[in-house]
Amino acid sequence: MKTIPDRIATGVGALALAFATVTPAHADIKEAARKLHDDSQSALVGIKGLLKIDVTMKGQPAGNQETPIWGNGLVIGDGLVATAYQTLVPDVAAQAKSGGAPAGIEIKTNLAEVKFVDGSGEEFDAKLILHDEDLDLAFLALDPNSDNAAAWEIAAIAITSDPEVQILDDVIALSRQSATLRFASAMKIGSVTSVVKRPRLLYAVDGISPGSPVFSEQGTFLGMATLRKSADNKQKPVPVILPAKYLRKLVPQAIEKQEALASGEAGDEETEEAAEPDAGEEPEGESTQAPAGEDPGSEQNEAPPSEEK
């Protein structure tokens, strides 16, 4: 029969063995994260702009406000950047209603003076060209008419892979600090806490800011950190990782809008809506039909992305 000291010694030995097993793996992910940072941080840009908010009450002007915004974006093509839409244009109206705003109030927002900011702090004029509110994705393009557009030399990150991650797998997020911290790149290691499979594949990871690109342990692009709204839009949005395949579905439309901007065909006003991606683009093996009772914001019923010109 073991004495109490023997039991304590056995417990301590088991704990030491557990730490010996976990520590090398933790060290490996840190090493992989640092390599990812060195290889990919230049493709991360800050996005700054001015959000103009106009408020009316029963049709009458009730005030206006201008708020600076800062977000992160990933360069996915030549002068083409992807990010989370709500980091640029938050749903101020929904926030006001959930906060008890009186009936009859109407809030409109407009994003102005958008710029990309690289690691050196150099700014490049940009345009919001396409967004999808349901997916919480936005695509912005370098303004070809800006004074320093020819100086843009930021290489893109490939978003062509679909790495698989499971609960408790580590993932790596990149971000870029604002002017306060001299536009330094930053990174965070998080763990997958949930895998949501319907109505679309999403990963929940605590502590990762929306708009941050997220990578697997192997350094492969996994997806974009976005915000998932509730079906009734009455609850606080939940941060999730939207897999790369959903970005790829909208890239052809984004490129089309970018080309229109470059050719001078794009105007200054927002158009109605972009065409919904062809159903044949749905990745093999994933149904577009949501089960009965699922969130109506499914791929089958989601609203098509909106264009900006």
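**Exercise 1.** In which loop is the place of Pro199? Locate the residue, and then describe the peptide bond that leads into it.

*Solution.* Before starting, note that this is a predicted model, in which local features need pLDDT of at least 70, side-chain atom pairs count only at pLDDT 80 or more, and totals for chains, interfaces and linings use all residues. Residues are numbered from 1 along each chain as its sequence is written, and side-chain values use heavy atoms, with hydrogens and water left out. Step one is to find Pro199, which sits in the loop between strand S8 (185-196) and strand S9 (202-205); strands (E, at least two residues) and helices (H or I, at least four) are DSSP runs, numbered from the N terminus. Step two is the bond itself: going from Arg198 to Pro199, the peptide bond is cis, with omega near 5°.

**Exercise 2.** Describe the backbone and the surroundings of Leu168 and Phe183.

*Solution.* Begin with Leu168, which is not a glycine and yet has a positive phi of about 75°. Leu168 belongs to the loop between S6 and S7, and with a relative accessible area of 65% it is exposed. Phe183, likewise not a glycine, has a positive phi of about 60°, and its place is in the loop between S7 and S8. Phe183 is buried, its relative accessible area being 16%. The cut-offs behind these words are under 20% relative accessible area for buried, over 50% for exposed and partly exposed in between, with a 1.4 Å probe and protein chains only.

**Exercise 3.** Characterise the aromatic pair of Phe124 and Trp152, and place it in the chain.

*Solution.* Rings of Phe, Tyr and Trp (its six-membered ring) pair if their centres lie within 6.5 Å, and planes under 30 degrees apart count as stacked, over 60 as edge-to-face and the rest as tilted. By this rule there are 4 aromatic pairs. In one of them, Phe124 and Trp152 are edge-to-face, at 5.1 Å centre to centre and with 85° between the planes. The pair links distant parts of the chain, since Phe124 is in strand S5 (residues 123-132) while Trp152 is in the loop between strand S6 (137-142) and strand S7 (170-176), 28 residues apart. Both Phe124 and Trp152 are buried, and together with Phe116 they form one aromatic cluster.

**Exercise 4.** Describe the aromatic pair formed by Phe215 and Phe221.

*Solution.* The centres of Phe215 and Phe221 are 5.7 Å apart and their planes make an angle of 75°, an edge-to-face pair. As for accessibility, both Phe215 and Phe221 are buried.
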